[in-house]
Number of protein chains: 4
Amino acid sequence: MKQVGILGASGYTGQELLKLLKKHAGVEVKVLNSRTYDGTKVSELYPDFEGDETYTNYTFEQINALNPDLIFSALPHRISMDAIEKLDNSIKIIDLSADYRFKDIKKYEAIYGRKHVKTAHNAVYGLPELHQAEIKQARLVANPGCYATACILAAYPIQEFAGHIIFDCKSGWSGAGKDSPYAKDPTIIKDNLVAYSITRHRHKYEIEQFVKTPLSFTPHVIDTFQGMMCTAHILLNKDITPEETLKLYVDFYKDSSFVRVSKDIPQVRHTQKTNFCQIGGFEIDESNQLVVISTIDNLIKGASGQAIENMNLMLGFASSYGLN
Amino acid sequence: MKQVGILGASGYTGQELLKLLKKHAGVEVKVLNSRTYDGTKVSELYPDFEGDETYTNYTFEQINALNPDLIFSALPHRISMDAIEKLDNSIKIIDLSADYRFKDIKKYEAIYGRKHVKTAHNAVYGLPELHQAEIKQARLVANPGCYATACILAAYPIQEFAGHIIFDCKSGWSGAGKDSPYAKDPTIIKDNLVAYSITRHRHKYEIEQFVKTPLSFTPHVIDTFQGMMCTAHILLNKDITPEETLKLYVDFYKDSSFVRVSKDIPQVRHTQKTNFCQIGGFEIDESNQLVVISTIDNLIKGASGQAIENMNLMLGFASSYGLN
Amino acid sequence: MKQVGILGASGYTGQELLKLLKKHAGVEVKVLNSRTYDGTKVSELYPDFEGDETYTNYTFEQINALNPDLIFSALPHRISMDAIEKLDNSIKIIDLSADYRFKDIKKYEAIYGRKHVKTAHNAVYGLPELHQAEIKQARLVANPGCYATACILAAYPIQEFAGHIIFDCKSGWSGAGKDSPYAKDPTIIKDNLVAYSITRHRHKYEIEQFVKTPLSFTPHVIDTFQGMMCTAHILLNKDITPEETLKLYVDFYKDSSFVRVSKDIPQVRHTQKTNFCQIGGFEIDESNQLVVISTIDNLIKGASGQAIENMNLMLGFASSYGLN
Amino acid sequence: MKQVGILGASGYTGQELLKLLKKHAGVEVKVLNSRTYDGTKVSELYPDFEGDETYTNYTFEQINALNPDLIFSALPHRISMDAIEKLDNSIKIIDLSADYRFKDIKKYEAIYGRKHVKTAHNAVYGLPELHQAEIKQARLVANPGCYATACILAAYPIQEFAGHIIFDCKSGWSGAGKDSPYAKDPTIIKDNLVAYSITRHRHKYEIEQFVKTPLSFTPHVIDTFQGMMCTAHILLNKDITPEETLKLYVDFYKDSSFVRVSKDIPQVRHTQKTNFCQIGGFEIDESNQLVVISTIDNLIKGASGQAIENMNLMLGFASSYGLN
């Protein structure tokens, strides 16, 4: 039995993580830290939660003394790195914030507006479909953003055929977090659809690390709690047939536990409350634009479920253990 | 008091039209035809409707004898033209189907899969923002499709600066009509998002008549009854600043009663249950992609409300009469 | 493998029944009759349905010749009995309409406004919690109404302590059926709550056959597709403590596969999409009014699931076979 | 122009009040107090709010020095009275908490579990339909609870004919407040219905002050933000016809600005976002049980709208000023 902990456990991501970890037979949760909610029962914040777990506010000394096998940080961007640097080297870490997602520290600092605590780092970007071997060896894994997950998986195999890719994404409002307008006043998204950060959302630059073609990114919030669709508009600049594009994806993901590829157009509900990414579409129009559509659950494959995948790889479990 | 009629009055479009016409002080509805529902009260089909109106199944002889000033055809594509050709020349016509939307008869026949009853026609495409003068003189107006309305209005002023435009559209499920899966089983769209006809939707070709740049079009259905957003991804091929793009639109629509332009990003609810089209965004990203977003109500500005605008122009009323 | 059939298969009840029967390993569906939809695929009417089944319109001669073990009639009230009387005596029958729910033929005729085809009948009222032994022997079982199921289960054990019982019930809109206003226009129940038939709903009289105390019944429709709550306000006229009332129910239902009793107040979602009835509350106020709350899924325990329970008993399967 | 203020302005009730006061042409809001959110913009807490208003944390000395004409207290029960006692006598007060709703101080203390700051008070219970004259003269008005408003209005005129009244109430989840489970996790009420405090809700005792017959009260939360229905089951003990009961109500409310009476059964949406109470039903069943149904908006007629009515009466405006 491995021992794990969560820092910043009180947000949607930490909460989903806790629920998944409780169902995982190979680990137990020893640390459930929240500075704001020290001493509060989880069920008080999440009335639907069944269990007696209580948030603590352990110091880093206390956490290091407990010596867990792995710590998840679900702390906010810009703060997470401070915490991570205080954990003992013997503890493996999965960071669900953006703090270690960028190899280029200058780029991180420009996008997130804070000086990084390190001038360089060797965190592994935790997308198992691309980096399984590295994740297995890593001490520190940067868990990908939800949009980045959906977009990279939708575009990675086709990128060398593309001149420009436009990602038009739609996400459930949980993606905006527990302190977002949608959580404060859920009536404002009812029967509504909202576009935001239409050209310079931070996930755009995260995607650009892996999809090496000019790209554009526009996100929208839909009237549901969880679930996400990426409609990838891929302007082709080489000859390829729809059938060949489908085959490219099928081949690329043939060993992936959690990516399903077919011609069928996936719907948001097809992957809600699962760790799967479903990819479909594969039609090309008269302007040589290929449409590929991917759906994931933003809270699971887009955050906590993928973190469990990474944990499984880092701790030697089967990659899908506890996720089906 | 002018006299008007509706053919194919029992669908969502005909119903919305009836509701709007009842509030219009300048007209009275003399014909409310439905072959299937002859003798049925409107309130039986639309339980929310207040009024004693009953569908009839008048013959064309009867309708011609009643000699109304104007007839709306809300009949299905491919059938509407048969009816329209039987109406007397003294009756003005607004066709809400696609039958007269294409100047190029061959194109219509290829897209809609039926031989047209005419080899040529001089119907006016009823988008008041482009064709106000022609609509005033027209005997026959082809009312635009809902997606076409949102997309053309979002792209028309900028087209000469664009190399390729991708329209990613999202519509309430009423757009799929009263016999659609969503109307048969509303639970299937609950908390869901569905992409369909991802590269060759028929409205794409309707848009191409007015937006003369390579374009792509992908529609989605959202979990609400009415409302629509068009996210236009415009790949610029000439130099222009965001401020200049905004000014282009502001100038172009300065005399339009129902188009509002500003930098603010419009949301679906901003135009729900109104005849307005709101246009905003106007940001350009690092790949020289401009994002412009338009929202309309698919049943109103996207269908019945715009039909009333056209009627107002054809019958000599102020264009916004009965629509505020 | 037993062979079964459904008459009137195209409504919500028939559809739910078909879905449950497809999961039941002991039976196969040989007849799927619908007069209106002869030749139509099920998936055309229910877009969410996976399978190639097609509605037929077999004659009674054809059905009798097929000689199925059991036929479910999901035909409308007043019509169902005509069909049932034409089936061979060798075929067991479960009638989901109200036609055989009343022992007193005159009462049936007064409530449903049609002369019964029989002057007497010996159908068993198919509530397994009350009539398990009789159901096992029956040739013809009258499947209870949804409200009747929720109310009888909520009140049966306590009735001898009660002077008057008020059943205030709330149901998902599927209870109103595929031709109801809610199915025609789902927007009218959105964010709404509707009371109807507030004193003389037909299920009141069905309940009175088993709950032998003065009673009142008021139903409401809630903004969800399926699920039901019965809030039973029981005016006590004998001394009893809350704990004793709870014990009465626990004892009464101790052998029931599908009734769960506890002090916890059940919510609609606790039994949605299951065949369970959950009963809780058991508080007494200062006016000696006991509140007992039951929840069921109106389409399952309130209709098709209970029909499967009855089938299991009639065909010799374990009562919960295929229902978990 | 009269000057008013709100204490405890950050909750749902204070927010609704602010929105209504901004539309009222006769007053201006000089105090918008919130201890927790001092310095926070309203729009930060309520993203949908348009305006630059900011919460303050004035001391009572500061508020008294500003000398407003009237202060609304939207502070929590048990705390509101502390604040109210510190306001100058020249300031009129409307308390939206329960602190002054009970004439019987001992009863208040038993129900709310705190010693009252006064041993007696002469606050007027602010239900304009019962106490219009007293409200006009009052310095301190206790604004009624939402359930109490719906129930008293549904039962007051008939009480002398009743032996027992059961109020079965259903409310939107905003009634549970900004810190409730439903606000923290709106997914738990989705497609759900929840009964709570099934026999001893505090509003029961508030109703008993005005409805002088044995009564029972059970509330439920429905899947919508705002709106409320009271289904009153009235066990008659005197002879009266349905028509006579309707006439009783019509006569009783003939001068009320905001109560509408008719035989039609009111639905929750009929009064949503309005200050109206609609009363209907008026059927009597075979057990001599009369059903009367009232609907209100719990945030408006059930709280802030009614507070405006009271303000209008206290400050000499027409009672419906600013509420239509």
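Here are four short exercises, with worked solutions, on a predicted model.

**Exercise 1: The build of chain A**

Task: Find how many helices and strands chain A has, and decide how its radius of gyration stands against the globule rule.

Solution:
- Step 1. Begin with the secondary structure: chain A has 12 helices and 13 strands.
- Step 2. Now take the radius of gyration, which is 19 Å for chain A, while the globule rule gives 20 Å for 324 residues.
- Step 3. These two values are close, so chain A is as compact as a globular protein of that length.
- Step 4. For a picture of its extent, imagine a box of roughly 60 × 45 × 40 Å along the principal axes, filled by the C-alpha atoms of chain A.

**Exercise 2: Cover, contacts and charge in chain A**

Task: Work out what share of chain A is buried, what share of its contacts join residues at least 24 apart, and how its charged side chains are placed.

Solution:
- Step 1. A residue is called buried when its relative accessible area is under 20%. In chain A, 62% of the 324 residues pass this test.
- Step 2. Next, consider contacts between residues at least 6 apart in sequence: in chain A, 67% of them join residues at least 24 apart.
- Step 3. Turn to the outside. The accessible surface of chain A is about 11,900 Å², and carbon and sulfur atoms account for 48% of that.
- Step 4. Finally, count charges: chain A carries 35 positive and 38 negative side chains, with 4 Å between the centres of the two sets.

**Exercise 3: A helix in chains C and D**

Task: Is helix H7 of chain C mostly covered or mostly uncovered? Then look at H7 of chain D.

Solution:
- Step 1. In chain C, H7 spans residues 146-155. Among its buried residues are C:Cys146, C:Tyr147 and C:Ile152.
- Step 2. The full count is 10 buried residues of 10, and H7 of chain C is mostly covered.
- Step 3. In chain D, H7 also runs over residues 146-155, with 10 of 10 buried. D:Thr149, D:Cys151 and D:Leu153 are included.

**Exercise 4: How the copies are related**

Task: Which turn and shift lay chain D on chain C, and which superpose chain B on chain D?

Solution:
- Step 1. A turn of 180 degrees with a shift of 0.0 Å along the axis lays chain D on chain C, at an RMSD of 0.0 Å.
- Step 2. The two copies are therefore related as by a two-fold rotation axis.
- Step 3. Chain B is superposed on chain D by a rotation of 180 degrees and 0.0 Å of shift along its axis, with RMSD 0.0 Å.
- Step 4. Compare interfaces: 100% of the interface residues of chain D are also interface residues in chain C, so these copies meet through the same surface.
- Step 5. For chain B, 100% of the interface residues are also interface residues in chain D, so the conclusion is again that the copies meet through the same surface.

Conventions. Residues numbered from 1 in each chain as written. Chains lettered and ligands numbered in written order. Predicted model: local features only at pLDDT ≥ 70, side-chain atom pairs only at ≥ 80, totals over all residues. Heavy atoms only, no water. Buried < 20%, exposed > 50% of the residue type's maximum accessible area, 1.4 Å probe, protein only. Helix = DSSP H or I, 4+ residues; strand = E, 2+ residues; numbered from the N terminus. Rg over C-alpha atoms; globule rule 2.2 N^0.38 Å. Contact = heavy atoms within 4.5 Å. Areas by Shrake-Rupley, 256 points an atom, 1.4 Å probe, with all protein chains shown as cover. Lys, Arg positive; Asp, Glu negative; His and termini not counted. Charge placed at Lys NZ, Arg CZ, Asp CG, Glu CD. Least-squares fit on C-alpha atoms with pLDDT ≥ 70 in both.
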